[in-house]
Amino acid sequence: MANVNSTTPARPEFIHPAFQDIFPPELGDITIEVLLTRPLHQGMDFLALAPVCSELAAELLETRNTTARLALAGRLALALRLLRDNLEEDLTGPQRQALTSTEPPKEQACDFSPDADSLADYCHTLTQILLSRTLAPQQEKIMAGLLFELVNYQTDTLTAPQFWHAEGQAN
C-alpha cells in the first residue's frame, strides 16, 4: 500500500542533505510555548508590542528546531504588523506618561536612524524572507541575527523616554 503522504520518505537517512532539517532539535523550550500562546490583538499598544517582538526575535535566533522557528517567525510577523499599524495612532495620556522621564534624553551618536514606520517595514520584510525558507542555512542564520538586531533597536527606540519633566513642567 502506498503512503498517504507521498512526500514523507520511508527511510529518513536517505534524505538529501539540502532537504534535511538545518537545525538539530532542541530540548526544553518552555518559553516558545509561552511566546506562541500569548494573545496578540489589535488593541495592544506599541509599548506592549515592542517588547513582545524583541522576545520573539531573541527566541527565533536561539531556537534550532525548524518547526518552532517557522512558528516563531509567523508569530513575529503578526506582532510586527500589529506594531506597524499601531504606530500611526496618536499617543494617549498613559503612553505619554510612560515615555516621560525626569532627566533629559541622552544624545546618542548614531548614523542609523530610520523612522519608526520604515524600521517596522524592514523587520516585517526580513521576517517574511525567513518564513519563505529560500535562504541557505548560513544566510538564514545571518538574516535572523540582523532581524534580532533591528527588532531590538526598534524596541529600544520606541520605548525610550521621549519627553522629560523640568521643574514640574513637561518638555
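Here is a friendly chat about how some helices pack in this predicted model.

Visitor: How do the axes of helix α2 and helix α6 run, roughly parallel or roughly antiparallel?

Guide: Let's start with where they are: α2 covers residues 46–62 and α6 covers residues 137–159. Their axes come within 9 Å and cross at roughly 160°. Angles over 145 degrees count as roughly antiparallel. Therefore α2 and α6 are roughly antiparallel.

Visitor: Which residues of α2 and α6 make the contact, and how many of them are nonpolar?

Guide: On the α2 side you can look for F46, L47, A50, P51, C53, S54, A57, A58, L60 and L61. They meet K141, A144, G145, L147, F148, V151, N152, T155, L158 and T159 of α6. By class, the contact has 1 charged residue and 5 polar ones, and the nonpolar residues number 14.

Visitor: What is the handedness of the crossing of α3 and α6?

Guide: Find helix α3 at residues 66–86; it packs against α6 at an angle of about 35°, with the axes 13 Å apart. Among the residues that meet are R69 and L76 in α3, and E140 and A144 in α6. The crossing of these two helices is left-handed.

Visitor: How many charged residues are in the contact of α3 with α6?

Guide: From α3, the contact takes in R69, L76, L80 and L83. From α6 come E140, A144, L147, V151, Q154 and L158. These residues divide into 7 nonpolar and 1 polar, while the charged ones number 2.

Visitor: How do α3 and α5 run, roughly parallel or roughly antiparallel?

Guide: Helix α5 spans residues 116–132, and its axis comes within 9 Å of that of α3. The two axes cross at roughly 160°, and the crossing is left-handed. Angles over 145 degrees count as roughly antiparallel, so α3 and α5 are roughly antiparallel.

Visitor: How many charged residues does the contact of α3 with α5 have?

Guide: The α3 side includes R81 and R84, and the α5 side includes D117 and D121. By class, there are 9 nonpolar and 4 polar residues, and the charged count is 4.

Visitor: Which residue lies over the face of F163?

Guide: Aromatic pairs won't help us here, as the structure holds 0 of them. Still, the ring of F163 has a partner over its face, at 3.9 Å from the ring centre. That partner is R96.

How values were computed
Residues numbered from 1 in each chain as written. Predicted model: local features only at pLDDT ≥ 70, side-chain atom pairs only at ≥ 80, totals over all residues. Heavy atoms only, no water. Phe/Tyr/Trp six-rings, centres within 6.5 Å; stacked < 30°, edge-to-face > 60°. Lys NZ or Arg CZ within 6 Å of the ring centre and 35° of its normal. Axes fitted to C-alpha atoms, helices over the stretch in contact; angles between N-to-C directions. Helix = DSSP H or I, 4+ residues; strand = E, 2+ residues; numbered from the N terminus. Parallel < 35°, antiparallel > 145°, perpendicular 65-115°, else oblique. Contact = heavy atoms within 4.5 Å. Nonpolar A, V, L, I, M, F, W, Y, C, P; charged D, E, K, R; others polar. Left-handed = near helix turned anticlockwise from the far one by under 90°.
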